[in-house]
Each structure stands twice: as C-alpha cells, then as structure tokens.
Amino acid sequence: MKPWTRRQLMQHGLLAATASTLPARAMQMTGMHMPPPDSSAPAHHPRTMDAMKLASFVDPLPLPQRILPQGRRSSKIHGAVNAPYYRVNVREIHWQMHRDLPPTRMWSYGTTGAPVLIEAHSKQGVLVDWQNHLPAEHFLPLDAPMPGMEHAPPTRIVTHLHGARVPTDSDGYPDDWFGPGKNKLCYYPNHQDATALWLHDHAMGINRMNIFAGLMGWYLLRDEVEDKLNLPKGKYELPLLLYDRSFDMHGQLYYPNPPDEGSWSQEYLGDAMVVNGKVKPWHAVEPRRYRLRIANTANSRFFSLSLSNGQSFHVIGSDQGLLAAPIELKRLVLAPAERTDILVDFSHARGENVVLMSDHLELMQFRVSNDPVHDDTHIPATLHPITRIDESTAIRTRLMTLNEFDADDGSAMTMLLNRKHWAEPVTEIVKLNTTEIWSLINLTDDVHPIHLHLVRFQILDRQGFSDFDYLDNEQLHYTGDRIPPAPHEMGWKDIVQCPPGTVTRIIVPFQGYTGRYLWHCHILEHEANDMMRPYDVIA
C-alpha cells in the first residue's frame with residue numbers, strides 16, 4: 001500500500017501529534033501574510049502535555065448558552081425597524097475544559113466555554129451589538145504587526161456571521177476591527193432559508209488566534225418549511241461545535257508561534273478533541289431520533305465522522321440549509337467551517353454507548369438509555385425543493401488559481417489566490433443579481449475549503465488536470481472525466497472542498513447587497529498567510 005502523505009493524513013484527521021504544526025522557513029513581506037513572529041511575544045515551551053492520555057468521557061457535554069434579546073430597537077443607518085436587540089459582551093474567562101485540567105484561560109462570546117447560540121427566524125432581522133471587554137494584551141503569542149498595523153490593539157475583534165447574506169458593514173470585514181472598550185452594532189436581515197450559521201472572529205491579522213482563544217458560536221435560523229417537517233427539536237436537537245486544541249504543561253491553551261521549525265505554521269493540529277468546550281465529553285440520550293447540527297470550527301483539521309457501532313445516519317442539510325431529500329451515510333468528511341445536519345436513530349443502540357468518531361479519534365460519547373420512549377418524529381422522504389442552476393444562466397466564467405510558492409527546500413513560503421496578495425487592488429468585480437461560474441484551479445498539494453462571503457452557491461463538478469502543463473503554459477489539460485458533487489453536496493453551500501490537481505467548479509448567484517466582500521481558504525493558517533482576497537459587488 002502506498003504510504004499516505006502528510007497532507008492526506010491532515011485531511012483525514014490522522015495526525016494527532018502533540019501541537020502539530022507544519023513549518024515553512026521563509027515568507028515575503030507584502031500583503032496580509034504573517035511576518036516573522038514578534039520577539040516580544042510571550043514565550044511558550046516547545047513541549048505540551050499529552051492530551052491523548054486525558055480520560056475519555058468524564059465530562060458531560062455542555063449545551064450552547066442561549067442569548068436572548070434585550071428588547072427591540074431601530075437603527076436608521078442599518079435600515080432596522082423595531083428589531084430584536086442582542087448585546088454580546090466579548091470577554092476573557094477561565095473554563096475547565098476537562099475534569100483533570102485546571103481552569104483554562106480563554107475568550108468567549110458568553111460567560112462559559114460553551115458556544116453561545118442566537119436563534120432567529122427567516123425574514124425577521126435582528127440587531128447584535130458586539131462589545132469588546134477584552135484585556136489590553138493577548139494571552140497567545142502574536143505575530144509581529146503587519147505593515148500599517150503597528151499601532152492596532154492586540155485584542156482587536158470583529159465578528160463574522162459565517163454564511164449570512166448581510167450588508168457589507170455588518171459582514172465582519174477584516175478591516176472593520178475594533179479594540180477594547182469599543183463596540184460595533186450589526187444588522188442581520190435574515191433573508192435566507194433556515195440553516196445553521198456560525199459566529200467567529202475575522203479581525204485582520206489575528207483571527208486565527210482569536211478563534212483559537214474561543215471566539216465562536218451558533219446562529220440558528222428557522223423558517224416555516226423546516227417547522228412543518230416534524231424534525232427532532234428541543235432537547236432532541238444538539239448543536240455541536242467540533243475542534244482540536246493542545247495544552248501546555250500547566251493545562252493552558254498552547255499555540256506554537258513560532259513553531260518548533262520554520263517561521264510560520266502551515267497548519268495547526270492539536271491532540272485534544274473538543275466538543276462544545278469540553279475534551280471528549282459524554283451526553284445521555286434516549287433510544288429515539290436526534291438531530292445533530294455539527295460544525296467543524298477547527299483551524300485546520302478535517303473531521304471524518306462516523307459512529308463507533310457502524311450504524312448509518314441520514315444527512316438532511318449542509319452549509320446553507322436543508323437538502324432536497326435525506327441521504328443515508330456511514331461516513332462524512334467535514335472540512336474546516338463546513339456544517340452538516342444529520343438525524344441519528346439511537347433506538348438501534350438501546351442500552352449501548354455510541355462514540356462519535358473521526359477515523360480512530362474519539363470525539364464524544366452518547367450514552368443511550370434502555371427506557372421506553374415515544375418518538376413521533378420521522379425521516380421525511382422530501383425536505384426542501386432545490387432547483388439546480390442552469391450553467392447557461394452564468395454571464396461569466398472565471399478561472400481562479402489556488403497557489404503555493406515554496407522555498408528551495410520545498411517548504412511553503414506563502415499561499416495566494418490568483419497569485420495575488422490581500423493588499424493588491426481588487427480584481428474580482430461582479431454585478432448584483434447576476435450569476436457566474438468560478439473554476440477553482442488547485443495547484444497545491446492541499447485540499448482547500450474555499451469560502452465566499454455574502455453568497456450561497458452550488459457545486460457543479462470536479463475534474464482532474466495536469467498541473468505541470470498548466471504551470472508550463474497556463475492551459476488546462478484535463479486528465480479525467482467531470483465528477484459530479486456527492487449527494488450530500490447537492491444542496492446550497494458556502495464552503496467547497498477543492499482537492500489538489502483538480503478544477504472544482506461552482507456556480508454563484510450574487511444576490512443581496514452591493515459592497516466589498518471577500519473569499520478565502522478556511523484553513524485559518526492559510527488564510528493568515530495571504531490566501532484571502534477581496535471582491536466587489538456593484539449595481
């Protein structure tokens with residue numbers, strides 16, 4: 001059997017080495033990439049505790065901390081009239097992530113290490129007031145300031161509602177950051193189908209650290225179509241944020257910056273698997289159907305999800321809402337920032353303990369009771385009609401390259417989109433209410449999860465090509481047939497997995513608002529090293 005490469009191992013979640021980061025030795029000094037680390041940043045010992053030795057399933061699963069509106073407000077500048085008003089205080093906390101660890105210093109949108117949850121309804125906009133109550137100094141080792149950001153506060157933030165169709169001033173654009181003692185009022189109109197969106201930081205040059213520190217949460221959008229399906233709800237609907245972390249010898253969060261080798265981390269892989277703020281928790285369930293809303297919020301890790309007893313589950317939704325019909329699977333790979341919506345029937349495991357796995361890694365345990373229960377839910381034959389977009393409606397096809405530029409020793413120097421740095425002029429200008437096809441040409445050895453702000457899109461197909469020929473003459477020489485998206489990818493998406501040596505085509509209706517948005521790789525270390533570009537939507 002041919003040995004797997006490091007990149008394949010990373011994608012399948014098989015690298016669980018202590019605080020594994022993948023180094024590069026050199027980088028250029030332009031754009032949004034990471035300069036050499038700040039020598040004044042806090043020093044971290046290169047060794048970490050072996051989190052794989054922490055006992056499994058000793059902590060109960062924390063449920064999301066629901067945030068309720070504090071009355072209603074209007075905002076003329078946002079066009080909001082008598083909208084529910086939420087205040088989110090972003091703060092530093094200490095939270096015990098495992099029974100055998102001391103309280104860990106981290107940041108939160110709430111008062112605990114569990115994710116917050118805002119629940120809203122389609123076509124009913126809300127106002128969210130993000131207030132920065134963080135201390136003046138970051139507790140993680142930061143990079144040296146980017147050019148032009150020498151005086152930016154190290155604990156700056158700005159929240160992105162991932163997957164939302166929102167005006168640009170509420171999108172969490174990286175340059176819209178604000179420091180401690182400041183706030184930003186955002187308006188989310190919610191003119192989209194029911195789906196599971198998620199909140200995370202997007203501040204320029206620092207978001208990978210802020211997310212690692214804990215700034216992420218849920219935003220569940222409901223509508224009448226979903227309500228009529230009689231899906232599991234209440235305590236039978238479990239929102240689960242999956243990510244990985246590592247700890248220093250004192251049980252505190254550890255991010256190796258600089259890494260043990262090289263000057264920047266190409267990817268981050270921790271050895272502690274975390275669900276909703278706890279390392280490998282457990283949850284008691286009844287022998288009936290449950291709805292699991294799962295988001296991969298890891299920096300770099302791909303999760304290959306399955307159940308330890310080998311039973312199947314039904315996928316009913318993806319990034320942007322319900323599928324047309326359920327898809328039965330036994331294994332599902334989630335890239336960073338992807339979401340899935342699945343139904344699991346625990347009546348098949350009455351009296352058993354079932355573990356949610358990522359290949360050989362344990363994520364959490366479900367303890368299924370043996371008590372008699374009444375379950376009036378069912379698996380609907382149809383969910384939400386989805387009309388596939390005709391390619392002929394696209395007014396333009398863009399060829400977009402995913403690039404990695406290496407040093408002489410083969411280590412990555414920088415990663416770019418279309419060979420452009422973040423700070424270069426905008427090259428993608430699209431017209432509102434038009435449709436385009438974007439052909440994402442992956443010239444690297446990674447699978448890149450590409451995310452477009454503002455829009456939802458459909459995956460058309462993937463097709464192998466000769467990267468050698470393309471690098472030689474910029475001509476696409478295809479080496480295989482077009483492969484349609486997998487059945488669970490046939491719904492609306494805002495993240496697409498782009499395999500190496502492959503052209504991945506998506507068709508994108510640009511609807512909603514004019515203004516400046518962005519697209520990027522959602523491996524946070526790639527995004528931080530310049531794999532992020534702005535684009536403009538014009539009238």
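I began with the rule for pairing: two strands pair if DSSP finds at least two bridges between them. Strands (E, at least two residues) and helices (H or I, at least four residues) are DSSP runs, numbered from the N terminus.

**Entry 1: ground rules**

I am working on a predicted model, where local features need pLDDT of at least 70, side-chain atom pairs count only at pLDDT 80 or more, and totals for chains, interfaces and linings use all residues. Residues are numbered from 1 along each chain as its sequence is written, and side-chain values use heavy atoms, with hydrogens and water left out.

**Entry 2: the seven-strand sheet**

I looked up the sheet that holds β12 and β17. It is open, has 7 strands and runs in the order β15-β14-β12-β17-β22-β19-β20. Its pairing is mixed. I noted β15 (278-279) and β20 (321-329) as the edge strands, each paired on one side only.

Then I checked one edge. Strand β14 (residues 272-275) runs antiparallel to β15, and 2 bridges join them. V275 faces K278 in β15.

**Entry 3: the five-strand sheet**

I traced another open sheet, of 5 strands, ordered β2-β6-β11-β10-β8. The pairing here is mixed. β2 (65-66) and β8 (159-162) are at the edges with a single partner strand each, so one side of each has no neighbour in the sheet.

I followed one pair inside this sheet. Strands β10 (residues 195-201) and β11 (residues 216-222) run antiparallel and are joined by 6 bridges. A196 has L220 in β11 as its bridge partner. A general reminder to myself: strands of a sheet pair through backbone hydrogen bonds, either parallel or antiparallel.

**Entry 4: the whole chain**

I counted 5 helices and 34 strands in the protein chain. Of its 539 residues, 63% are buried. Buried means under 20% relative accessible area, exposed over 50%, partly exposed in between (1.4 Å probe, protein chains only).

I also took the contact statistics, with contact meaning heavy atoms within 4.5 Å. Among contacts between residues at least 6 apart in sequence, 78% join residues at least 24 apart.

**Entry 5: the largest pocket**

I set the search terms next. On a 1 Å grid over the protein atoms alone, a cavity is a set of points where a 1.4 Å probe fits but cannot get out; a pocket is an open set with protein on both sides within 12 Å along at least five of seven lines; lining residues have an atom within 4 Å of a point. Grid points are joined across faces, edges and corners, and a volume is the space filled by probe spheres set on the points.

The largest pocket has a volume of about 500 Å³. I found 25 residues in its lining, with R222, K233, G234, K235 and E237 nearest its centre. Elements that each supply at least two lining residues include β6 (116-121), β11, α3 (224-227) and β16 (282-285). The lining splits into 12 nonpolar, 3 polar and 10 charged residues. For these classes, Ala, Val, Leu, Ile, Met, Phe, Trp, Tyr, Cys and Pro count as nonpolar, Asp, Glu, Lys and Arg as charged, and the others, Gly among them, as polar.

**Entry 6: the cavities**

I found 3 cavities of 30 Å³ or more. The largest has a volume of about 80 Å³. Of its 13 lining residues, G113, A114, P115, G214 and M216 are closest to the centre. The largest share of this lining, 3 residues, comes from β5. No charged residue is in this lining, which has 9 nonpolar and 4 polar residues.

The second largest cavity holds about 60 Å³ of space. Its lining includes A196, E226, R291, R293, R339 and D341. I see β22 giving the largest share there, 3 residues. This lining has 3 nonpolar, 4 polar and 5 charged residues.

**Entry 7: two side chains**

I looked up T414, in strand β26 (residues 412-417). T414 counts as buried because its relative accessibility is 1%. Its side chain reaches the backbone oxygen of N529 at 3.2 Å.

R289 is in strand β17. Its side chain reaches the backbone oxygen of T377 at 2.7 Å. Not counting residues up to four places away in sequence, R289 touches P232, Y236, V344, D345, D375, T377, H378 and I379.

Terms used: A polar contact is a pair of N or O atoms within 3.5 Å; within protein, one must be able to donate a hydrogen and the other to accept it, and residues adjacent in sequence count only if both atoms are side-chain atoms.
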